[in-house]
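Open the model in your viewer and keep the selection box at hand. Each stop below tells you what to select and what to look for.

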Amino acid sequence: SGLVQTGGTFNSTSGVLKFYYYNSSFLSTDLTNNFGFIQTVGTFNHNNGTVRFESEVRMSDDRRYATTQKININSSINFYNMIIDLDDKTSDGTYNQSKIAITAGDILNVENVHTIIDGEIDGGTINLEGNLIATCASARYCAGNDYQTSSANAINRVPTKGSKRRGGGTVIIKFTGSSPQTYSVAANTLLPRFVIPVGAAVSPFAGTTDLHVASFLQQGGSFQAPSGEFRVGHLSALGISSSSQGFQVLPGSTYDHNNGTLFLVQVRNESSLKTAMVLEIASGITLNNLRVALLDKYSLGGYDDARLVLSSTPIVVLGDFRHEDGIISSGVFQIHGDLTTVNLSSQRRPEGGNTQYEMVGSSLQSIDIGGSNFTTTSITLDNAAGAILTNASGLSGQTDFDLVNGDLDLNGFNFTGIENLSITNTSSVTKNGGQLDYVTCSGPATCPVDDM
């Protein structure tokens, strides 16, 4: 079903105006339905009702999409409530191949509540004046990228073959309300890009502990993250250009980390180095925990072509920092908690970079360097309470270690791969059964013995 408006005024129902598409065939190729809401000229009166876009298809290949509805309006239109419910009924395609397409440049103004039950939204902008609701009843009925239950895909919730999947869609959801707004989001959903403009005030609804969006841009206003995991990122296809999006909080913004974890996660398929995400945080804004996993799944490129670029520095991490995959290019992290790098597999591990890590906590911090090929410009210990190694197997050389303040306890580990070691009179090294290996060392304090 669809509506084509070429003039005049259309007074909608005060109940539900539903646009529905159904296709019973098992589809292994892309499908495009050119019907939906089409307006070339005219006035649409929402009558305080709900516009619902609903469809049912059966996609048997998770590399294909069914565009089941289209919205092409005369520049902009006002809805009161809007519901998106696009059901892919087939498990062969992982239930996630149905989307609605908004024509590029079109703006949907939703004055009250925007609800996403299932499916993805591509193109255009949704200016949301009220609240956002995203539900996830099951693997089949889930907003955005329907979640994967297998352990191999759980970290990124994408299928192994999904070269065309972006997750959540490409639409911009912009919070434009004049009064405080909330997002009520179920676990395992994946939503499109969030934009928080100047003057907005957005926070989680009671019970919302996790949020996953394709990218995040805060231009101003205030935003409170969820208290659990705030995941930013999605799947990108082979050979796309470097991204200028990611997690961005611009000057003049108020960002509340809410004691949660910011997880920057991107899945790429690249044969050469590309910027997968940008991390940009205005001065005075802090994070609690930070986790980075930029996965390159393309073997011909060596699984190491996904890069995180810091557009601002330093990044203040009040909790723990964990690096699981990808290259982090330039910048400084000031870490108040623990530093961990992990080597999960030949495809999932830190892959270099020239970032500086400053350990600046006020209590004992742990350093776990387990990520193979972990290369960084420098690690600095400037904490009177000191730091303790809990793993030191992955430092690959060309890294400076600056002991400014506090004791470094090797804790029985062999700390190798240090290019330049510097030590001050307020710092020290306790080997505690471990060994130290460096190329050069400078004072003013006496350098510890090089054991290797």
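This tour goes from the whole chain to single residues and then to paired strands.

**Stop 1: the whole chain**

Remember throughout that this is a predicted model. Show the protein chain as a cartoon. It has one helix and 44 strands. Of its 452 residues, 55% count as buried. Switch on the surface next. The chain exposes about 16,700 Å². Carbon and sulfur atoms supply 46% of that area. Now think about contacts between residues with a separation of 6 or more. Residues 24 or more positions apart account for 58% of them.

**Stop 2: the core**

Hide the surface. Which residues touch the most other members of the largest nonpolar core? Select Phe216, Phe230, Phe247 and Phe333 to see them. That core holds 88 residues. In soluble globular proteins, nonpolar side chains tend to be buried together.

Stay with Phe216 and display what surrounds it. Beyond its neighbours within four places in sequence, Phe216 is in contact with ten residues you can pick out by name: Phe194, Ile196, Phe223, Phe230, Val232, Gly246, Phe247, Gln248, Val249 and Tyr255.

**Stop 3: aromatic pairs**

Show the rings. The structure holds 20 aromatic pairs. Begin with tyrosine 183 and phenylalanine 223, a stacked pair. Their centres are 5.7 Å apart, with 10° between the planes. Tyrosine 183 is in strand 18 (residues 181–185) and phenylalanine 223 in strand 23 (residues 222–224), so this pair ties together parts 40 residues apart in sequence. Are these two rings buried or exposed? Tyrosine 183 has 0% relative accessibility and counts as buried. Phenylalanine 223 is buried too, at 1%.

Now select phenylalanine 216 and phenylalanine 230. Their ring centres lie 5.4 Å apart and their planes meet at 85°, so this pair is edge-to-face. The pair links distant parts of the chain, 14 residues apart: phenylalanine 216 sits in strand 22 (residues 216–218) and phenylalanine 230 in strand 24. Both residues are buried.

**Stop 4: strand 24**

Select residues 229–232, which make up strand 24. In a regular strand the side chains alternate between the two faces of the sheet. Turn the view and look for this. Glu229 and Arg231 point one way, while Phe230 and Val232 point the other way. All four of these residues are buried.

Add strand 21 (residues 211–213). Strand 21 runs parallel to strand 24, and three bridges join them. One position to check is histidine 212, whose bridge partner in strand 24 is arginine 231.

**Stop 5: more rings, and charges over rings**

Select Phe10, Phe19, Phe37, Phe44, Phe53 and Phe79. They form one aromatic cluster.

Next, show lysine 18 and tyrosine 20. The charged end of lysine 18 sits over the ring of tyrosine 20, 5.6 Å from its centre. Then jump to arginine 291. Its charged end sits over the ring of phenylalanine 263, 4.0 Å from the centre.

**Stop 6: two loop residues**

Where is threonine 355? Look in the loop between strand 36 (350–353) and strand 37 (356–359). Threonine 355 counts as buried, at 1% relative accessibility. Show threonine 376 as well. The two threonines are 21 residues apart in sequence, yet 5.2 Å apart in space, C-alpha to C-alpha. Outside its sequence neighbours within four places, threonine 355 has contacts that include Ile328, Phe333 and Thr376.

Now select alanine 104, in the loop between strand 11 (98–102) and strand 12 (107–110). Alanine 104 counts as exposed, with 68% relative accessibility. The C-alpha atoms of alanine 104 and asparagine 72 are separated by 8.7 Å. Along the chain these residues are 32 apart.

**Stop 7: strand 41 and its partners**

Finish by selecting strand 41 (residues 399–409). Add these strands one by one:

- Strand 39 (residues 378–382) runs parallel to strand 41, joined by five bridges. Serine 378 has aspartate 400 as its bridge partner.
- Strand 40 (residues 387–392) pairs with strand 41 in the parallel sense over two bridges. Alanine 387 stands opposite leucine 408.
- Strand 42 (residues 414–423) pairs with strand 41 in the parallel sense over five bridges. Leucine 403 stands opposite isoleucine 423.
- Strand 43 (residues 427–430) pairs with strand 41 in the parallel sense over four bridges. Glycine 406 stands opposite serine 427.

Notes
Residues numbered from 1 in each chain as written. Predicted model: local features only at pLDDT ≥ 70, side-chain atom pairs only at ≥ 80, totals over all residues. Heavy atoms only, no water. Core = buried A, V, L, I, M, F, W, Y, C linked by side-chain atoms within 4.5 Å. Buried < 20%, exposed > 50% of the residue type's maximum accessible area, 1.4 Å probe, protein only. Contact = heavy atoms within 4.5 Å. Areas by Shrake-Rupley, 256 points an atom, 1.4 Å probe, with all protein chains shown as cover. Pairing = 2+ DSSP bridges. Phe/Tyr/Trp six-rings, centres within 6.5 Å; stacked < 30°, edge-to-face > 60°. Lys NZ or Arg CZ within 6 Å of the ring centre and 35° of its normal.
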